[in-house]
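Hello,

Here is the structure I promised to hand over. Please open it first, then read my notes underneath.

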Amino acid sequence: MPNRLADETSPYLLQHADNPVDWWPWSPEAFAEARERGVPVLLSVGYSSCHWCHVMAHESFEDHPTADYLNAHFVSIKVDREERPDVDAVYMEAVQAATGQGGWPMTVFLTPDAEPFYFGTYFPPAPRHGMPSFRQVLEGVRSAWADRRDEVDEVAGKIVRDLSQREIDYGSTDAPGESEIVAALLGLTREYDPQRGGFGGAPKFPPSMALEFLLRHHARTGSEGALEMAQDTCERMARGGIYDQLAGGFARYSVDREWVVPHFEKMLYDNALLCRVYAHLWRSTGSELARRVAVETADFLVRELRTNEGGFASALDADSDDGTGRHVEGAHYVWTPAQLTEVLGEEDARLAAHYFGVTDEGTFEEGQSVLQLPQSEGVFDAEKIESVKQRLLAARSRRPAPGRDDKVVAAWNGLAIAALAETGAYFDRPDLVEAAVSAADLLVRLHLDEHAKLARTSKDGQVGANAGVLEDYADVAEGFLALASVTGEGVWLEFAGFLLDHVLAGFVDESGALYDTAVDAERLIRRPQDPTDNAAPSGWTAAAGALLGYAAQTGAEPHRTAAERALGVVKALGPRVPRFIGWGLAVAEAYLDGPREIAVVGPSVDDEGAKALHRTALLGTAPGAVVAFGIAGSDELPLLADRPLVDGEAAAYVCRNFTCDAPTIDPERLRTALNR
């Protein structure tokens, strides 16, 4: 019989709806139940494409004796971290403070007042590797609750007090200057892996936001070292197993330093961010590899993650059926030499094994290999390779597909909108721009209420109950600003303004610091506030970027001031932890460059001269530059005001820091102005 999760919209919660555990969603009623029964709360946090979440669910939450014990002695609450990033952030901070590490599944025991007192992540069904079994943990917590309640309450109270005192070292309200940027670049250089690309050791994550910073820094200063780090990292990732060599798209991270074996889940936010990075790398260098990967990743987003409503699903699972009924990580993607031969015949299988690095020993588990492109030299018949890829892809499509989390997350859709709009514009792919517009339409139609407040999620056209957090407002505004630049449609700038007005009203305090939740959001044991960029831009740095871009498009002084004040945290953290404030550093580059404001006007939007100037403006590498495109005399976008044609011809106006260049009708002159 289904439990209380059966009516939820989260695919992760629905995966647990048939567990024998009597799960509750996060709600006041769950804590009231714990208070009434006098029992502690088990809080279990995960997400639908999390491998170890599936493992613990199968081992413990589907086990009837374990479920019976939980139901008798606890109130069990299941949370999708992607639906409730605020709940996840607050308790993850407690887990990390107590244990020095964190991850998912996250397992936290709480008092009925939601105060945490015991923590962990994955617990096995039997003791191993020094870890207690989950049943031992449950029995220990129950015993402490029954026999040492005063001690439990004291621990919980101390944890909450300690968390409330962990204020961010905000630094100043001044934006970073040249010295902080140089110190951040030096810090990245020290952590750079010159042999393999990327930063640090295993596991190795795609450093999308640091790469954006490096590309912008090169564009602004001409630093060849910054460009080299970005270029080499992008090439290593694109040649590695972390990139799907048959169908495009990136996996979450590499378990090794060489980018060979991925953790196979594919996340919307990673692919949106990386699509944009590779498009920007192509814009800077003309790299054919960058062009191919940007387009393939955009096509992956539309083909694999687009929902029936026009939004983008959150993720594809790491696990899938290996053909025997077992759910195994990577089963959909890996190959043995025998499997290559079965699909391709012996001769082409030998070619494929050489080209994709498939060995008898395997690069993964049980003699299986992850496809990569280890050959940096040698000549291959392009038509033959394409034929091999298509046949392997056709064979792979007959394997059981990984599960898909169809939840539409506003923030991540904002990132996808920006990536698809720009990639479509750069590579003359109007279908990609159209996909970006469809996703934006869905967010406006379904996620925005009549007060322009944003809902975090939807699924199957049904909006979720959870309020948007700072990253939702900021990333969606960023996507709308990109759409405004690409399409010339002022409505997207208007919607971005509505969202950013909410940021100023509900997320910023008097010092200029930002919080992850709005002032009127549900009160947790602590109001979450994290400026560091991790898997995606933090709400804080994303807001700084969107506020800066909006101010450049409109001249709105409050938004410019808020962006400058928000960048104070980048001044504080950039020199110390540049890998974890990459988007903040990229925004700082835009701030130091102006950012530039480009208005392109023509006698009509179909005028060839106007279109050539518009394309040139979009392809300019000046960090964070904003573009307005329209008919002379139009009031569609503020930057178009008082911008006449030049001798009846389309013209481009470039301004920066309250100073404007002479207008030009020559795309080549415009290119020079934007790329110096």
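**Helix pairs**

Start with α13 and α14: α13 passes α14 in a right-handed crossing. This is a predicted model, so please read everything below in that light. The contact uses Leu340, Thr341 and Leu344 from α13. On the α14 side it uses Glu346, Asp348, Ala349, Ala352 and Ala353. Helix α13 covers residues 337-344 and helix α14 covers residues 346-356. Their axes are 7 Å apart, at an angle of about 135°. The two helices are therefore oblique to each other, as that angle is not over 145 degrees.

Next, look at α9 (residues 208-221) and α23 (residues 582-593). They pack at an angle of about 20°, and their axes are 7 Å apart. That makes α9 roughly parallel to α23, because the angle is under 35 degrees. The crossing of α9 over α23 is left-handed. From α9, the contact residues are Met209, Ala210, Glu212, Phe213, Arg216, His217 and Arg220. Those from α23 include Trp583, Leu585, Val587 and Leu592.

The third pair is α11 (residues 268-285) with α12. Here the angle is about 150° and the axes are 8 Å apart. The two helices are therefore roughly antiparallel. α11 passes α12 in a left-handed crossing. Among the α11 residues that meet α12 are Leu268, Cys275, Tyr278 and Trp282. Among their partners in α12 are Leu289, Val293, Phe300 and Leu305.

**Leucine 289**

Stay with α12, residues 288-305, for leucine 289. Is leucine 289 buried or exposed? Its relative accessibility is 19%, so it counts as buried; the cut-off is under 20%. Leaving out residues up to four places away in sequence, leucine 289 touches Cys234, Glu235, Ala238 and Tyr278. Arginine 239 is 50 residues from leucine 289 in sequence. In space, their C-alpha atoms are 9.6 Å apart.

**Cores and helix α18**

The largest nonpolar core has 181 residues. Which residues have the most contacts inside it? They are Leu214, Tyr278, Phe312 and Phe480. There is also a second, separate core of 28 residues. It includes Ala34, Leu43, Val45 and Val90. As background, nonpolar side chains in soluble globular proteins tend to be buried together.

Helix α18 runs over residues 470-487. Of its 18 residues, 17 are buried, so α18 is largely enclosed by the rest of the structure. Its length also checks out. At 1.5 Å a residue, α18 should span 26 Å, and its end C-alpha atoms are 26 Å apart, which agrees. Just after α18 comes glycine 488, with a positive phi of about 75°.

**Backbone points to check**

Most residues other than glycine have a negative phi, and most peptide bonds are trans. Here are some places to look at with that in mind.

Where are the cis bonds? One is the peptide bond from tryptophan 104 to proline 105, with omega near 5°. Proline 105 sits in the loop between α5 (85-99) and β4 (106-110). Another cis bond joins alanine 202 and proline 203, with omega about -10°. Proline 203 is in the loop between α8 (178-191) and α9.

Two aspartates also deserve a look. Aspartate 642 is not a glycine, yet its phi is positive, near 60°. It lies in the loop between β16 (626-631) and β17 (651-656). Its relative accessibility is 75%, so aspartate 642 counts as exposed; the cut-off is over 50%. Aspartate 647 has a positive phi of about 55°. It too lies in the loop between β16 and β17. Aspartate 647 is exposed, at 74% relative accessible area.

**One more loop**

Glycine 367 is in the loop between α14 and α15 (382-396). What does glycine 367 contact, apart from neighbours within four places in sequence? Trp335, Thr336, Thr359, Asp360, Glu361 and Gly362. Threonine 517 is 150 residues from glycine 367 in sequence, and the two C-alpha atoms are 47 Å apart.

Best wishes

Note on methods:
Residues are numbered from 1 along each chain as its sequence is written. This is a predicted model: local features need pLDDT of at least 70, side-chain atom pairs count only at pLDDT 80 or more; totals for chains, interfaces and linings use all residues. Side-chain values use heavy atoms; hydrogens and water are left out. Helices (H or I, at least four residues) and strands (E, at least two) are DSSP runs, numbered from the N terminus. The expected span of a helix is 1.5 Å times one less than its number of residues. Buried means under 20% relative accessible area, exposed over 50%, partly exposed in between (1.4 Å probe, protein chains only). A nonpolar core is a set of buried Ala, Val, Leu, Ile, Met, Phe, Trp, Tyr and Cys residues joined through side-chain atoms within 4.5 Å. Axes are lines fitted to C-alpha atoms, for helices over the stretch in contact, and angles run from 0 to 180 degrees between N-to-C directions. Angles under 35 degrees count as roughly parallel, over 145 as roughly antiparallel, 65 to 115 as roughly perpendicular and the rest as oblique. A crossing is left-handed if the near helix is turned anticlockwise from the far one by less than a right angle, and right-handed if clockwise. Contact means heavy atoms within 4.5 Å.
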